[in-house]
Amino acid sequence: MTPDRILRLQEKFAHILGPLSKAYARLMRLRAQFYLSGKWASWRPPAACISVGNISWGGTGKTPVVSWLLDWARGEGIDATVLTRGYGGRPPHLPYEVQLLSPPREAGDEPLLLKRTHPQARILVDPKRVRAGKTAGRNRTDLFILDDGYQHLRIQRDLNLCLLSPRDLDEEWNRVIPAGSWREDVSALKRADAFLVNTMFDSDDGCIETVARIKLTHLGKPIFFFRVTARGVANALTGEVMDTLDGTRFVLVTAIANPDKVCQTCKGDLGEKPVRHLVYPDHHPFSVSDWQAIVASAERNACTHIVCTPKDAVKLAPFADERLWTPQLTTTFSAAGSQAFRAWLDERVHILPRKPHAPEETSNE
């Protein structure tokens with residue numbers, strides 16, 4: 001079901017969902033207060049910790065930002081460990097350290113993609129991220145990156161990065177589950193150390209940047225803007241690269257939270273829209289039969305290429321052929337005022353003291 005379809009249903013049943021949304025928001029505020037006041041136990045990692053998370057569910061670009069942070073850490077000589085829940089994976093044991101040849105069904109699509117694009121990093125999958133963090137802390141780790149961590153308050157962090165999409169700043173603003181997509185209400189934004197706004201396909205007039213400053217400036221935290229762009233496509237099997245899809249007939253396959261975003265990327269960055277767009281549920285575990293159905297769709301529509309996202313490619317490639325291509329993505333930040341995101345990050349992380357190991361807790365959540 002697309003985000004637009006979900007929004008229409010939420011608007012239709014607003015009279016029922018509204019009271020439930022307010023009750024849920026109150027529970028989430030109370031939960032946060034218990035953690036931040038120390039009434040509920042939380043764990044302090046033995047090294048600096050950066051949390052990358054959303055106020056809403058899905059579609060803001062967490063994985064590209066985590067990937068950017070891993071590139072930054074490598075350039076700074078920092079040994080980084082990612083703690084992730086690993087949606088879509090079924091590890092044989094926990095914590096599960098992702099390897100280059102880990103099966104997608106075990107590691108999950110996003111953790112495996114991060115490991116293959118950043119072999120030097122340690123990627124640990126475990127729904128109980130405190131347990132994974134303690135495991136990682138037994139070895140040298142200079143930096144913990146907490147993936148999808150904004151609501152995961154059992155782990156203390158030194159920097160709290162809150163990612164926002166254009167929808168978060170517009171029609172979804174302060175619309176809490178189940179009446180909207182926000183996991184907490186607007187009061188939770190006060191916990192952020194910085195806001196990272198994915199401008200996606202904002203026009204040149206900078207509308208999203210203007211709206212972001214109107215909605216967020218009063219919180220007194222820096223606002224940075226970024227966009228994930230495609231610079232050509234690469235063959236998932238051979239590595240061959242094409243600069244554009246212009247004039248190419250292709251089927252687009254997506255199993256992500258915001259499939260429309262990929263369709264826009266194909267048209268805006270790669271010069272062509274798909275002949276057919278096959279939308280699967282987020283983190284869908286692709287099978288041989290799925291690939292056969294995709295190929296059949298491509299042949300019915302006289303398409304010579306099949307395009308999917310990088311995280312879907314790690315699941316499709318084992319049984320795909322040379323028709324499978326994936327966009328080559330890059331994440332670019334623009335400056336907020338006089339300071340760039342990288343300069344702000346350098347300044348904040350390098351002054352953070354190394355933390356001593358905290359006492360063990362009775363809970364491993």
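**Entry 1: the loop between α7 and β7**

I began with Pro 178, which I found in the loop between α7 and β7, and I keep in mind throughout that the model is predicted. The peptide bond leading from Ile 177 into Pro 178 is cis, and I read its omega as near 5°. I then looked up Asn 174, which is also placed in the loop between α7 and β7. Its phi is near 60°, a positive value in a residue other than glycine. I noted both residues because most residues other than glycine have a negative phi, and most peptide bonds are trans. For Asn 174 the relative accessibility is 33%, so I entered the residue as partly exposed, the class that lies between the buried limit of 20% and the exposed limit of 50%.

**Entry 2: another cis bond and another positive phi**

I went on to the bond between Leu 94 and Pro 95, which is cis with omega at about -5°; Pro 95 sits in the loop between β2 (80–84) and β3 (96–97). I also looked up Ala 302, a residue other than glycine whose phi is positive, near 55°, and I located Ala 302 in the loop between α10 (288–300) and β12 (305–308).

**Entry 3: Ser 165**

I found Ser 165 in the loop between β6 and α7 (166–169). Is Ser 165 buried or exposed? Its relative accessible area is 8%, so I recorded Ser 165 as buried, the limit for that class being under 20%. Setting aside the neighbours within four places in sequence, I listed Gly 59, Thr 60, Asn 198 and Met 200 as the residues in contact with Ser 165.

**Entry 4: helix α12**

I next turned to helix α12, residues 341–349, and wrote down Phe 341, Trp 344, Leu 345 and Val 349 as its buried residues. Looking down the axis of α12, I noted that these buried residues fall within an arc of 115°, so they line one face of the helix. I then asked which elements the buried residues of α12 pack against. I listed two kinds of partner, the helix α3 (62–75) and the strands β1 (48–54), β6 (159–164), β7 (194–198), β8 (223–235) and β13 (324–334).

**Entry 5: α3 with α12**

I followed the helix partner further and found that α3 and α12 pack at an angle of about 60°, with their axes 12 Å apart, and that their crossing is right-handed. On the α3 side the contact is made by Trp 68, Leu 69 and Trp 72, and on the α12 side by Phe 341, Arg 342, Leu 345, Asp 346 and Val 349. Sorted by class, this contact of α3 with α12 has 6 nonpolar residues, 2 charged residues and no polar ones.

**Entry 6: α3 with α5**

I closed with the packing of α3 against helix α5 (residues 109–117), where the angle is about 25° and the axes are 11 Å apart. I therefore entered α3 and α5 as roughly parallel to each other, angles under 35 degrees being counted that way. The crossing in which α3 passes α5 is right-handed. I recorded Thr 63, Val 66, Ser 67 and Leu 70 as the contributors from α3, and Glu 110, Leu 114 and Thr 117 as those from α5. The residues of this contact of α3 with α5 divide into 3 nonpolar, 3 polar and 1 charged.

Methods:
Residues numbered from 1 in each chain as written. Predicted model: local features only at pLDDT ≥ 70, side-chain atom pairs only at ≥ 80, totals over all residues. Heavy atoms only, no water. Buried < 20%, exposed > 50% of the residue type's maximum accessible area, 1.4 Å probe, protein only. Helix = DSSP H or I, 4+ residues; strand = E, 2+ residues; numbered from the N terminus. Arc of directions from axis to C-beta. Contact = heavy atoms within 4.5 Å. Axes fitted to C-alpha atoms, helices over the stretch in contact; angles between N-to-C directions. Parallel < 35°, antiparallel > 145°, perpendicular 65-115°, else oblique. Left-handed = near helix turned anticlockwise from the far one by under 90°. Nonpolar A, V, L, I, M, F, W, Y, C, P; charged D, E, K, R; others polar.
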